[in-house]
Amino acid sequence: MIKFNIKDTFNKELPADPDRENKRRQVYHACYSFVEPRRPSSPQIVHVSKEMARTLGMTPDQVERDEFLEIFSGSKPIPGTQPYAMCYGGHQFGHWAGQLGDGRAINLCEVLEKGQRWTLQLKGAGATPYARSADGLAVLRSSIREHLCSEAMFHLGIPTTRSLSLILTGDDVLRDIMYNGNAEYEKGAVVCRTAPSFIRFGNFQIFFARKDEKTLKALTDYTIRHFYPHLEEGTVEGYLNFFKEVAERTLNLVVDWQRVGFVHGVMNTDNMSILGLTIDYGPYGWLEGYDHDWTPNTTDRESRRYRYGHQPGIALWNLAQLASALFPLIQQKEKLQEILDQFETTFYAKYLSMMWQKLGLMKHEKSDVNLISELENTLQITETDMTIFYRLLSDLRKEMTADQAISVLNQAFYTPEEVKGTVYEKWRKWLTYYLARLKREEISDEERKIKMNLVNPKYVLRNYIAQLAIDQADQGDYSLVDELYQLLQKPYEEQPDKEKWFARRPEWARHKVGCSMLSCSS
Ligand code: AMP
Ligand code: MG
């Protein structure tokens, strides 16, 4: 029998919605509503993260049993638990959207395993009181993307919610992928996501918007008690420090995203974790050609609010919304503003330090700021694959000429034949400068390569690769899902038999739905 050490706190310590009926509604003065997952008609496992299962204390043998399928598809309750959906609000694309909440996510329980708290949450297991006009379900394609990317992000060393399992429900789900009147039935799926907590900025915002200070305070104290236990609950000082730490974690997260070229796609305040985790993998994407204006999200095509280069600024904007939400508990505008002002300076310092690492520069020179901005400009004007570029950059040697360096990097250029004339000169100029800069470094070429390869991943979940796995899975073949899961467990390592995934995006994927174009439909 699968037995968890159940330590529910959220649904024990915080106020519940007294109405037990699962009907769509506004929920007041409560942090959550009790709900039961929907029973799928014929569940079938697509993939399990063995590593996550182990982390939760399950044996490989338990994962294989029917009981696992029953619990994580939503067919069978875990004894002694009371599943619930959380109430939250949020700013969507810059506008206050009122109550949102877990419309299709159901928290099964919290478990304690080796001193670590985990919330087990099913996504796609039916509508909740927060489902608004939607169906509470999720489709296979978006569930594969969430499952694989959560685990890939974790192995990149970037804070994230995790994913235990991906299960087909056997039920069809109607979706209009591009919102253009072409709705079709797709396979339904349920993912079991795990994280210490799924609390978002929006959980605090909803109580601020409703002037419900009592519940706001209860939630903030709860969050501090369980997730920031070194801080004091119930005091202004404690709340300020809490906000400061959330700001720091959020900042570190965005620096990490920029490092690996991850574009979240929907940085609404309801998709911002209070623990600084990457949360809600929707129309996210990875930069292939380096482009700070790129967003994978077609729903955001006009204003590009959530484009790559805008993510740090949006994180700050979102933090300002959180600051407003916490204001009733703090009542010190200047102190909150100070923390927000600090964000910009700290971000800049951390970004610089991250770029030094990417470039393998141990000594820090003042003029490196120009070196970095010149590089970013040059990457922007030549369509250059970000992942391949930085990975190959570690192959340069101090004694090379700029021309030799360009040929080392050739594989990163989308149209190598176009790296001619002024573009070629720009690269030659930058590389001449960079190679001269490397000569002023004491560490050897070999040492530098090792260090650079620890921060510049070789393998990321390229948009088109995820789509290949989705297309095969849709035909009932889940082998590529597992192959990618394995590949992305060691993103910084060379995997000679997997070189085919270290390749530029093929031309067929440039404008293909699912590869470079993704909507919020999931
Ligand atoms: P997202 O854009 O995925 O972050 O979702 C925004 C809000 O819509 C959240 O409150 C979700 O729970 C809700 N939502 C998204 N898709 C569905 C769905 N199919 N059924 C119910 N609620 C949904
Ligand atoms: Mg969301």
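## Buried residues at the metal

A residue counts as buried when its relative accessible area is under 20%, with only the protein chains taken as cover. In this predicted model, N271 and D280 both fall in that class.

These two residues are also the protein donors of the magnesium ion, ligand 2. N271 contributes its OD1 atom and D280 an OD atom, at 1.9 to 2.2 Å from the ion. Water is not among the atoms, so the site may look incomplete.

## Surroundings of ligand 1

Ligand 1 sits in the largest pocket. The shell around ligand 1 holds seven charged residues, five polar ones and five nonpolar ones. Of the 17 residues in the surroundings, those that come nearest are G101, G103, R132, G136 and N271.

## Polar contacts of ligand 1

Which side chain has an N or O atom 2.6 Å from an oxygen atom of ligand 1? The side chain is that of R132. N271 places a polar side-chain atom 3.0 Å from an oxygen atom of ligand 1. For R175, the partner is a nitrogen atom of ligand 1, and the distance is 3.4 Å. On its own, ligand 1 has 480 Å² of accessible area, and the protein covers 82% of that.

## A residue with two roles

N271 appears in both sites. Its OD1 atom is a donor of the magnesium ion, and a polar atom of its side chain lies 3.0 Å from an oxygen atom of ligand 1.

Note on methods
Residues are numbered from 1 along each chain as its sequence is written. Chains are lettered from A and ligands numbered from 1 in the order in which they are written. This is a predicted model: local features need pLDDT of at least 70, side-chain atom pairs count only at pLDDT 80 or more; totals for chains, interfaces and linings use all residues. Side-chain values use heavy atoms; hydrogens and water are left out. A residue is near a molecule or strand if one of its heavy atoms lies within 4 Å of it. A polar contact is a pair of N or O atoms within 3.5 Å; within protein, one must be able to donate a hydrogen and the other to accept it, and residues adjacent in sequence count only if both atoms are side-chain atoms. Accessible areas come from the Shrake-Rupley method with a 1.4 Å probe; for residues, only the protein chains shown count as cover. On a 1 Å grid over the protein atoms alone, a cavity is a set of points where a 1.4 Å probe fits but cannot get out, and a pocket is an open set with protein on both sides within 12 Å along at least five of seven lines; lining residues have an atom within 4 Å of a point. A molecule sits in a cavity or pocket if more than half of its atoms lie within 2 Å of its grid points. Ala, Val, Leu, Ile, Met, Phe, Trp, Tyr, Cys and Pro count as nonpolar, Asp, Glu, Lys and Arg as charged, and the others, Gly among them, as polar. Donors are N, O and S atoms within 2.8 Å of the metal (3.2 Å for Na, K and Ca); water is not among the atoms, so sites may look incomplete. Buried means under 20% relative accessible area, exposed over 50%, partly exposed in between (1.4 Å probe, protein chains only).
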